Amino acid sequence: MDKTIIITGGAGFIGSHVVRLFATKYPEYRILNLDGLTYAGNLENLKDLEGLPNYTFIKGDIVEEDFINKLFAEQQPDAVIHLAAESHVDRSILDPLSFINTNIIGTVNLLNACRSIWKDNFDGKLFYHISTDEVYGSLGEEGLFVETTAYDPRSPYSASKASSDHLVRAYHHTYKLPVVLTNCSNNYGPNQFPEKLIPLAINNIKKMKAVPIYGKGENVRDWLYVGDHAEAIDRVFHKGSNGETYNIGGNNEWMNIDLIRLMCKFMDEKLDRSPGTSEGLIEFVKDRAGHDLRYAIDAGKIKEDLGWEPTVTFEEGLARTVDWYLSNQEWLENVLSGDYSKYYDQQYKDR
Ligand code: NAD
Ligand code: DAU
């Protein structure tokens, strides 16, 4: 095999798409999927890869320093693509510490392990850190985040991601560790945990349950199909310049309420409901604490330098996503049972 790549968080939403792309497109790479299988990790996401000779799953927690050091010494990875994280803003408001542990301490453990096995010979080595546009804070009605926008994280989640970004850059600057970073906008698509807006809405609309919209639904997000994000990661991994950051986005801004109305219309058609039925499920609830108003990305740098731009239209991406959830009822029911139902009750009961 040409290269050994550890992909962290590969059993999660975006990670599973990245693992599949790399393991199938590059049979010459040995892909090790390192995931602690928290509530968000699900090996069902990668069932189709079982038996692939260049793919191995390793269960482990990136916060456990000794385990990470031992694993890296044994496996001698040439590169790390780091996606493992606590990723849900609402959970970070309920329990910040687990975000600090995984997103900051976990990232430092991986950086240290790379330093320790690569020593100062960085030829062909790379630490690729996957991050979020939320580190830049909140925009008003105008403007776009560029790579040089000052960091201004405002939730425990985004502050923990911002901290990890700074540490990755500090290791590059101080120890010359070869790194690349990307900051992406909101992803959607198959396999996303139904705590996030789009799959939560699909599930609730299907079950004729209330669809909770925080505040007045005026917050704006830029949405990118997960397959496009995986392609961008492939491009940056192979063509990105050492030490650089690239913003990734969908040029696809939606106000939450408009997005949910669109989805309701779409679901009425899919489920043969009379027009307007699903929209009746919309319920405005208490706002998220510290809710960022608007995120929007200028993805000009990755387009100009690396030739990447999104290929899946929102209409096509939403259709694929809704179809996937409607035809993967068992996946959804497995995920919805147990701990998630407790979280849902806690999160939405008094809103
Ligand atoms: P996710 O929550 O679906 O998956 C996270 C994965 O990490 C899970 O498989 C989980 O088991 C694993 N994990 C969590 N803690 C771990 C630990 N301590 N040790 C080992 N594994 C652990 O997340 P996602 O939405 O796929 O996001 C992946 C990455 O992309 C994150 O770093 C996130 O910040 C970033 N990101 C996400 C989005 C988005 O819209 N979802 C957008 C931009 C960036
Ligand atoms: O911008 C990138 C980020 O996008 C990623 O870094 C995060 O990991 C990812 O979770 C996502 O963060 P958001 O907070 O934007 O995503 P979420 O799906 O939770 O919410 C999208 C918008 O919808 C946000 O304005 C809050 C709102 N919302 C969300 C939920 C869950 C509601 O109105 N009601 C809800 O029930």
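## Two ligand shells and the strands around them

Helix 3 (89–94) and strand 8 (211–214) each supply at least two residues of the shell around ligand 2, and it is strand 8 that makes the largest share of that shell, with 3 residues. The model described here is predicted.

The shell around ligand 2 holds 24 residues, of which Thr132, Asp133, Tyr157, Arg288 and Tyr348 come nearest. Sorted by class, this shell has 9 nonpolar, 8 polar and 7 charged residues. Oxygen atoms of ligand 2 take part in polar contacts with side chains, among them those of Thr132 at 2.7 Å, Tyr157 at 2.6 Å and Arg288 at 2.6 Å. The protein covers 95% of the 690 Å² of accessible area that ligand 2 has on its own.

Ligand 1 is surrounded by 29 residues, and the closest of them are Ile14, Asp35, Ser87, Tyr157 and Lys161. By class, the residues of this shell divide into 13 nonpolar, 13 polar and 3 charged. Tyr157 is thus listed among the closest residues for ligand 1 and among the nearest for ligand 2. Helix 1 (13–25), strand 5 (126–132), helix 5 (156–175) and strand 7 (186–188) each give at least two residues to the shell around ligand 1, and the largest share, 3 residues, comes from strand 5.

The polar contacts of ligand 1 include one between a nitrogen atom of the ligand and an N or O atom in the side chain of Thr102, at 3.1 Å. An oxygen atom of ligand 1 lies 2.7 Å from a polar side-chain atom of Lys161, while for Asn187 it is a polar backbone atom that is 2.9 Å from an oxygen atom of the ligand. Of the 840 Å² of accessible area that ligand 1 has on its own, the protein covers 96%.

The following table sets out these polar contacts for both ligands.

| Ligand | Ligand atom | Protein partner | Distance |
|---|---|---|---|
| Ligand 1 | nitrogen | Thr102, side chain | 3.1 Å |
| Ligand 1 | oxygen | Lys161, side chain | 2.7 Å |
| Ligand 1 | oxygen | Asn187, backbone | 2.9 Å |
| Ligand 2 | oxygen | Thr132, side chain | 2.7 Å |
| Ligand 2 | oxygen | Tyr157, side chain | 2.6 Å |
| Ligand 2 | oxygen | Arg288, side chain | 2.6 Å |

Strand 5, which supplies residues to the shell around ligand 1, also belongs to an open sheet of 7 strands in the order 3-2-1-4-5-6-10, where the pairing is parallel. Strand 3 (55–59) and strand 10 (245–248) stand at the edges of this sheet with a single partner strand each, so one side of each is left without a neighbour in the sheet. From one strand to the next, the twist averages 20 degrees. Within the sheet, strand 5 pairs with strand 6 (residues 179–184) in the parallel sense over 6 bridges, and Thr132 has Cys184 in strand 6 as its bridge partner. The side chain of Thr132 is also the one that places a polar atom 2.7 Å from an oxygen atom of ligand 2.

Further pairing involves strand 7, which runs parallel to strand 9 and is joined to it by 3 bridges, with Asn186 standing opposite Trp223 in strand 9. Strand 9 is also joined by 3 bridges to strand 11 (residues 253–255), in this case antiparallel, and here Arg221 stands opposite Trp254 in strand 11. In a regular strand the side chains alternate between the two faces of the sheet. For strand 9 (residues 220–225), 6 of its 6 residues are buried, and both faces are covered, with Val220, Asp222 and Leu224 on one side and Arg221, Trp223 and Tyr225 on the other.

Most residues other than glycine have a negative phi. Leu37, although not a glycine, has a positive phi of about 50 degrees; its place is in the loop between strand 2 (29–35) and strand 3, and at 27% relative accessibility Leu37 counts as partly exposed. Met208 likewise has a positive phi, of about 55 degrees, without being a glycine; Met208 lies in the loop between helix 6 (197–206) and strand 8, and it counts as partly exposed because its relative accessibility is 43%.

Finally, Glu315 is found in helix 10 (residues 314–327) and is exposed, with a relative accessible area of 63%. Between Glu315 and Phe266 the separation is 49 residues in sequence and 9.6 Å in space, C-alpha to C-alpha.

Technical notes: Residues numbered from 1 in each chain as written. Chains lettered and ligands numbered in written order. Predicted model: local features only at pLDDT ≥ 70, side-chain atom pairs only at ≥ 80, totals over all residues. Heavy atoms only, no water. Near = heavy atom within 4 Å. Polar contact = N/O pair within 3.5 Å; in protein donor to acceptor, adjacent residues only side chain to side chain. Areas by Shrake-Rupley, 256 points an atom, 1.4 Å probe, with all protein chains shown as cover. Helix = DSSP H or I, 4+ residues; strand = E, 2+ residues; numbered from the N terminus. Nonpolar A, V, L, I, M, F, W, Y, C, P; charged D, E, K, R; others polar. Buried < 20%, exposed > 50% of the residue type's maximum accessible area, 1.4 Å probe, protein only. Pairing = 2+ DSSP bridges. Axes fitted to C-alpha atoms, helices over the stretch in contact; angles between N-to-C directions.
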